[in-house]
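Colleague: I should be grateful for a close look at a single part of this structure, the interface between the chains. Please also set that part in its surroundings.

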Amino acid sequence: MDYVSIIPCLDMKDGRVVKGVHFVELQDAADPVAAAKAYCASGADELAFLDITATVEKRRTMFDVLQKVSAVVTVPLTVGGGIRRLQDIDDALAAGASAVSISSAAYRDPQFVREAVKTFGAQRICIAIDVDRNDAMPSKREVYIDGGRTPTGKDAVAFAMEMKDTGAGRILPTSKACDGSCGGYDLAVTRAIAEKTGLPVIASGGAGTLEHFYAAATEGKAAALLAASVFHFGTFTVAQVKDYLRGRGVKVR
Amino acid sequence: MIAILDYGAGNLTSVRLAFERIGANAIIVDNADDARAADRIVFPGVGSARSGVDGLAQRGFHTLLKDAAARRTPVLAICLGMQMLFASSEEDDGVQCLDIIPGSVKLFHFPASQRVKVPHMGWNTVALPQQHPLLAGIGQHEAFYFVHSYYAKPDSPEHTLGISDYADFSFCAITGRGSVFGTQFHPERSGDAGLRILQNFTTWDTTSCC
């Protein structure tokens, strides 16, 4: 098994971490720069920076904050939220991002993903897929867009295969049902996409216990494990998750 | 002053910020005249070998880098930059590169049955077969962050300063010859170990090397 990466996710709104970070040493729990520093010090292998209310007007703010976060981050940083033009990717990279995640725009315009891969390289392009249970779908998971608001009628695994064909480098499926529940990742969709596409998959949504991380790395075949709440609320540190995984034979840095 | 070469091969913000973080004065330069004023050169790169080599030639960086190697100016080459130090790459149907270090660059090739993911992307450990000033303070098997589909194959083992294994295949993760040093991984994204290499680079005395 390759190294499994732990990715704390900063959910951003108007330049602040939405959920707050309950680390005792932080002066300002919602300051993304302080949070990013703390996560890096705790052994984060990558960071995700997700602007959950991305709009054209707010994007400037996001890039200003992103640049401040980039300056303290010493590991790869993936940025998502409202990425829909090549210029958005250029701006994110110029602000210090190492990769972007594309969501709704990838569904609406797969040609945009092809151009993005051609321009910036597969390793810079991650496809974020919001999914929810729908037993009428072959994989029993349906793709949602617009921040999880709009059902598409598209099968999640079939869509992941289409994204593989565009040349995208990674897939980030997030389960609507599991996200924020702390009841565990959606292992079935994580594993199905990993096995079918052969691409590195980032498990996302639902981590609540140390066992959940282990299950996603083993049963879920995830190359990376993303979590927000458990890190924000201080349930675990990144170091604790890695110690636990290491103890159970999962290779971590 | 440290010059970071901008030849159109990817965004260089993260490299600049990493040097800023360790308190070094590094600036991004897009022409050979500015780069010649620098006493250290960082040669990064993301993208393809063909566009990389073309971008170097257009800006006069091809000659600059060869001269730097001859004059013992410290050069740190990263990722695609490291690959372009060699004589040729098999990327893009074959590309002639800088030929500062004898060897060639090849595509990872694994049998389909192994289901090995290419690009090799993520953290991996590096074994250090030799000592080198830029590796001072770096332990055996520390992890660094990689993103690449091609790997360099130096002709001589003396130019291999770091070795990584990907799916049981060993490849050159660090190369060096004289005042030129190259990493396949991204030191600017490799945590404290990566910053240590950048820090070592800022003070590397190459007058007595080679």
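Modeller: Helices (H or I, at least four residues) and strands (E, at least two residues) are taken here as DSSP runs and numbered from the N terminus. The model is a predicted one, in which local features need pLDDT of at least 70 and side-chain atom pairs count only at pLDDT 80 or more, whereas totals for chains, interfaces and linings use all residues. Residues are numbered from 1 along each chain as its sequence is written, chains are lettered from A and ligands numbered from 1 in the order in which they are written, and side-chain values use heavy atoms, with hydrogens and water left out.

I begin with the extent of the interface. Counting heavy atoms within 4.5 Å as contact, 22 residues of chain B meet 30 residues of chain A. Together the two chains bury about 2100 Å², of which 56% is on carbon and sulfur atoms; buried area is the accessible area (1.4 Å probe) that two parts lose on being put together, summed over both. On the side of chain B, the residues that lose the most area to chain A are Lys117(B), Trp123(B) and Arg189(B), which together make up 33% of what that side buries.

As to polar interactions, there are zero salt bridges between chain B and chain A, a salt bridge being a side-chain nitrogen of Lys or Arg within 4 Å of a carboxyl oxygen of Asp or Glu. Eight residue pairs, both members at pLDDT 80 or more, are nevertheless in polar contact across the interface. Such a contact is a pair of N or O atoms within 3.5 Å; within protein, one must be able to donate a hydrogen and the other to accept it, and residues adjacent in sequence count only if both atoms are side-chain atoms.

Four elements of chain B each supply at least two residues of the side that touches chain A: helix 1 (13-21), strand 8 (120-126), strand 9 (142-148) and helix 6 (191-202). Helix 1 of chain B gives the most, with five residues. By class, this side of chain B has nine nonpolar, seven polar and six charged residues; Ala, Val, Leu, Ile, Met, Phe, Trp, Tyr, Cys and Pro count as nonpolar, Asp, Glu, Lys and Arg as charged, and the others, Gly among them, as polar.

Strand 8 of chain B also borders a backbone feature. Pro119(B) is found in the loop between strand 7 (101-107) and strand 8 of chain B, and the peptide bond leading to Pro119(B) from Val118(B) is cis, with omega near 10 degrees.

The surroundings include the nonpolar cores, each a set of buried Ala, Val, Leu, Ile, Met, Phe, Trp, Tyr and Cys residues joined through side-chain atoms within 4.5 Å. Buried means under 20% relative accessible area, exposed over 50% and partly exposed in between (1.4 Å probe, protein chains only). The largest core has 82 residues, and among the members that touch the most others are Phe49(A), Ile89(A) and Phe213(A). Helix 2 (residues 56-72) of chain A gives the most to this core, with six residues. Apart from it lies another core, of 36 residues, including Ala26(B), Ile78(B), Val126(B) and Leu128(B). Not counting residues up to four places away in sequence, the neighbours that Ile89(A) touches include Ile83(A), Val100(A), Phe112(A) and Phe120(A).
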